[in-house]
Amino acid sequence: MELAYIPSPSRGVLYLGPIPLRGYAFCIIIGVFIAVWLGNRRWVARGGQSGTVADIAVWAVPFGLVGGRLYHVITDYELYFSPGRDWVDAFKVWQGGLGIWGAIALGALGAWIGARRRGIPMPAYADAVAPGIALAQAMGRWGNWFNQELYGRETHLPWALHITSSEGGRVPGYYHPTFLYESLWCIGVAFLVMWADRRFKLGHGRAFALYVAAYCVGRGWIEYMRVDDAHHILGLRLNDWTALIVFLLAVTYMIVSSRLRPGREEIVEPLAADGPTEDTVASGGSAEGAETMDTGAGKPAASEPKAEPTDEPEPKATAEKTESATKKS
């Protein structure tokens with residue numbers, strides 16, 4: 001008899017009348033809100049405007065969801081296109097299956113489009129949102145708990161995950177909760193990036209690269225523990241190879257970037273640095289004009305300038321007085 005274990009939800013969806021409330025979707029949504037909230041705070045601290053992160057996220061999030069699903073469907077195509085499978089299931093995102101590699105790649109493309117429309121340097125934006133993305137991943141992994149998926153090898157440790165479902169080839173039992181391992185790892189990555197960013201003043205995309213590299217390290221050993229079906233290359237799971245390649249690319253970027261562009265960007269959002277505010281534009285004035293009006297109110301007027309001498313003759317009365325004074329002397 002097991003003394004302790006992590007129970008699995010009896011079901012991953014609740015119904016509010018005809019409306020399904022899916023735990024997987026809630027975890028993704030909460031993760032997005034966390035990423036936008038923290039990213040906004042970091043962006044404002046870097047000198048940007050509040051709300052910019054959310055505006056760009058409108059582009060990044062949909063692109064990321066599409067990219068994550070595409071990566072999953074392409075790398076696990078047999079789940080949807082092999083004999084006896086229904087290809088329509090490829091569109092059922094709520095059933096799980098979002099590849100983080102595709103989500104980050106296509107999400108970055110969406111963020112680049114949004115940043116370009118606002119004239120914002122993409123590396124600076126990526127640095128601001130990097131810890132929030134890690135926390136969003138930490139929250140999103142709990143969606144796998146609701147779906148009873150992506151667990152590890154069998155174990156009898158006190159924190160073993162109790163799988164009760166037998167759907168999709170699952171075998172009920174006690175397994176390593178790899179979803180929990182990855183969630184905790186992502187939280188650690190978020191704090192690592194925030195600490196390193198404050199300590200070393202990371203800029204030009206290096207904070208984001210650190211997040212990518214640190215995540216890949218954890219994903220490598222966690223992926224090795226998983227027992228779900230996956231493609232293997234030279235004895236390693238496909239995601240292990242992906243993590244290794246992406247890790248090397250991230251570290252290379254950090255080294256090259258630190259040599260070519262040391263330090264951190266001084267201005268991350270030109271409009272916030274030297275442009276007029278929306279309220280000022282709406283009032284038809286400028287910040288300088290408003291300051292001049294405020295500082296000039298209530299002050300005494302400057303003295304009138306002295307009249308310039310002219311060549312006109314003096315008035316007659318003045319000339320007579322001058323002549324009389326001359327005779328008396």
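User: What makes a residue count as buried, and what share of the 329 residues does?

Analyst: In this predicted model, 38% of the 329 residues count as buried. Buried means under 20% relative accessible area, exposed means over 50%, and partly exposed lies in between (1.4 Å probe, protein chains only). Local features need pLDDT of at least 70 and side-chain atom pairs 80 or more, while totals for chains, interfaces and linings use all residues. Residues are numbered from 1 along each chain as its sequence is written, and side-chain values use heavy atoms, without hydrogens and water.

User: Why is Leu234 called exposed or buried?

Analyst: Leu234 has 78% relative accessibility. The cut-off for exposed is over 50%, so Leu234 counts as exposed. Leu234 is found in the loop between β5 (232-233) and β6 (236-237). Strands here are DSSP runs of E, at least two residues; helices are runs of H or I, at least four; both are numbered from the N terminus.

User: And how does Leu150 count?

Analyst: Leu150 has 22% relative accessibility, so it counts as partly exposed. Leu150 sits in the loop between α6 and β3 (161-163).

User: What is notable about phi in Leu150 and Leu234?

Analyst: Most residues other than glycine have a negative phi. Leu150 has a positive phi of about 55°. Phi of Leu234 is near 55°, also positive.

User: Why is the pair of Trp142 and Trp145 called edge-to-face?

Analyst: A search of the whole structure finds 12 aromatic pairs. In the pair of Trp142 and Trp145, the centres are 5.6 Å apart and the planes are at 80°. Rings of Phe, Tyr and Trp (its six-membered ring) pair if their centres lie within 6.5 Å; planes under 30 degrees apart count as stacked, over 60 as edge-to-face and the rest as tilted. So this pair is edge-to-face. Trp142 and Trp145 are 3 residues apart in helix α6 (residues 142-147), so about one helical turn separates them.

User: How do you know how α5 and α7 run relative to each other?

Analyst: The axes of α5 (residues 122-140) and α7 (residues 178-200) come within 8 Å and cross at roughly 170°. Axes are lines fitted to C-alpha atoms, for helices over the stretch in contact, and angles run from 0 to 180 degrees between N-to-C directions. Angles under 35 degrees count as roughly parallel, over 145 as roughly antiparallel, 65 to 115 as roughly perpendicular and the rest as oblique. Therefore α5 and α7 are roughly antiparallel.
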